[in-house]
Amino acid sequence: MPYRKFEEYNIEVTEDVKSNFTSIIKSLGEDTSREGIVKTPERAAKAMQYLTSGYEMDAAAILKGAMFKEDYDDMVIVKNIELYSLCEHHMLPFFGKAHIAYIPNGHIVGLSKLPRIVDVFARRLQVQERLTHDILECINTTLQPKGVAVVIEASHMCMMMRGVQKQNSTTTTSGFRGQFERQETRNEFLKLISSNLD
């Protein structure tokens, strides 16, 4: 079977963004007719549409589509969820891992939906602080659990490639609601996401 692409892009948006990328590349001093650059504006336009595709997605609807009645009322954790986003200040990537926990209150949610909502909010121009808050509030409002916790650890290319150029720095943000505001529950969560269970 030959390789087939399945991505779909808005032609009007692609052409508009492509034109802007062509202007940017010219302004930076590059020859846009050079073989290696000719298709770059179009590729970049499509890449940017994919990297910001979260604007077209509804995170709450994703969660509601996989909610199930269940009496389970202990902690549920999905950790080490890979995330990739674009910093809204420089449009450079930041990347890392999200750790999410919730305590059900009559409903559980399909486990794959938690990584999906991370992607919904990460595929927008973001700051890590808002990304953490968006994920936390979406779960808290939609699922209405007894508690929810979100921790994100990420490296930011705007700090690593430019500015202070600190290649080994990471940023950690967190948010807690409900029972996770209690020190005991919060500590249990933090211990579990930092341990390697065999």
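1. Let's start in the sheet: Val-78 sits across from Ile-100 in β3. Keep in mind as you look that this is a predicted model.

2. Now the two strands around that spot. β2 covers residues 76–87 and β3 covers residues 93–103; the two run antiparallel, with nine bridges joining them. As a reminder, strands in a sheet pair through backbone hydrogen bonds, in either a parallel or an antiparallel way.

3. Zooming out, the sheet is an open one with five strands, and reading across you get β5-β2-β3-β6-β7. The pairing is mixed. At the edges you'll find β5 (125–126) and β7 (171–178), each of which pairs on one side only.

4. What packs on this sheet? Helix α5, residues 128–143, does. This helix touches β2, β3, β5, β6 (147–156) and β7. Compare directions and α5 makes about 160 degrees with β6.

5. Over to the helix pair earlier in the chain. α1 (residues 11–27) packs with α2 (residues 40–51) at an angle of about 125 degrees, and their axes are 8 Å apart. The two helices are therefore oblique to each other, and the crossing is right-handed.

6. Which residues make that α1 and α2 contact? On the α1 side, look for Val-13, Thr-14, Val-17, Lys-18, Phe-21, Thr-22 and Ile-25. They meet Thr-40, Pro-41, Glu-42, Ala-44, Ala-45, Lys-46, Met-48 and Gln-49 in α2. Sorted by class, the contact has eight nonpolar, four polar and three charged residues.

How values were computed:
Residues numbered from 1 in each chain as written. Predicted model: local features only at pLDDT ≥ 70, side-chain atom pairs only at ≥ 80, totals over all residues. Heavy atoms only, no water. Axes fitted to C-alpha atoms, helices over the stretch in contact; angles between N-to-C directions. Helix = DSSP H or I, 4+ residues; strand = E, 2+ residues; numbered from the N terminus. Parallel < 35°, antiparallel > 145°, perpendicular 65-115°, else oblique. Left-handed = near helix turned anticlockwise from the far one by under 90°. Contact = heavy atoms within 4.5 Å. Nonpolar A, V, L, I, M, F, W, Y, C, P; charged D, E, K, R; others polar. Pairing = 2+ DSSP bridges.
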